[in-house]
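Notebook open. I wanted to look up the sheet first, then any odd backbone angles.

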Amino acid sequence: MRIKLERVAHVRSGDKGNTSNIAVIAYCDEFYPLLKAQLTAARFKAFYRGAIKGEVTRYEADNLAALNFVAEGALGGGVSRSLSLDNYGKALSAAILGFEIEVPDQYSNLLRGG
């Protein structure tokens with residue numbers, strides 16, 4: 001089944017200058033391999049449709065069942081330089097929860113929300 005990321009993971013974010021740091025953390029260990037396979041750095045960047053101007057680097061924290069994305073050129077020049085309130089790290093992290101992911105039917109009882 002195809003579902004939104006928010007049903008299998010939660011996010012944390014931070015920003016420094018023009019760089020956003022977004023961690024995607026699986027709700028349970030069963031979901032982590034699905035995240036690793038489907039949420040690549042390229043797909044992460046493409047999801048934002050041009051809002052991220054620089055490189056996206058993905059770091060895997062297997063012991064935490066988490067992926068950490070560092071997105072350069074993601075904040076319109078930085079929080080103090082941008083006139084936009086929508087593109088700070090927290091807004092970017094909330095948006096990725098709409099990313100769609102394929103989850104086997106056998107995990108339906110582990111999904112959060114509805």
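Sheet first. This is a predicted model, and in it I found an open sheet of 4 strands, ordered E2-E3-E5-E4 with antiparallel pairing. Which strands stand at the edges? I got E2 (9-16) and E4 (56-61); each has a single partner strand, so one side of each is left without a neighbour in the sheet. I also looked up the twist, which averages 15 degrees from one strand to the next.

Next, the pairing of E3 with E5. Strand E3 covers residues 19-26 and strand E5 covers residues 66-72. I see them paired in the antiparallel sense over 7 bridges. I picked out Ala23 and asked which residue in E5 is its bridge partner. The partner is Asn68.

Then the backbone angles. Reminder to self: most residues other than glycine have a negative phi. I noted two residues that go the other way.

Arg49: I read a phi near 45 degrees, a positive value in a residue other than glycine. Where is Arg49 found? It is in the loop between helix H2 (41-47) and E4. Buried or exposed? Its relative accessible area is 74%, so I log Arg49 as exposed, the cut-off being over 50%.

Ala65: phi is near 55 degrees here, again positive and again not a glycine. I placed Ala65 in the loop between E4 and E5. Its relative accessible area comes to 6%, so with a cut-off of under 20% I log Ala65 as buried.

Side by side in my notes: Arg49 is exposed, whereas Ala65 is buried.

Methods: Residues are numbered from 1 along each chain as its sequence is written. This is a predicted model: local features need pLDDT of at least 70, side-chain atom pairs count only at pLDDT 80 or more; totals for chains, interfaces and linings use all residues. Side-chain values use heavy atoms; hydrogens and water are left out. Two strands pair if DSSP finds at least two bridges between them. Helices (H or I, at least four residues) and strands (E, at least two) are DSSP runs, numbered from the N terminus. Axes are lines fitted to C-alpha atoms, for helices over the stretch in contact, and angles run from 0 to 180 degrees between N-to-C directions. Buried means under 20% relative accessible area, exposed over 50%, partly exposed in between (1.4 Å probe, protein chains only).
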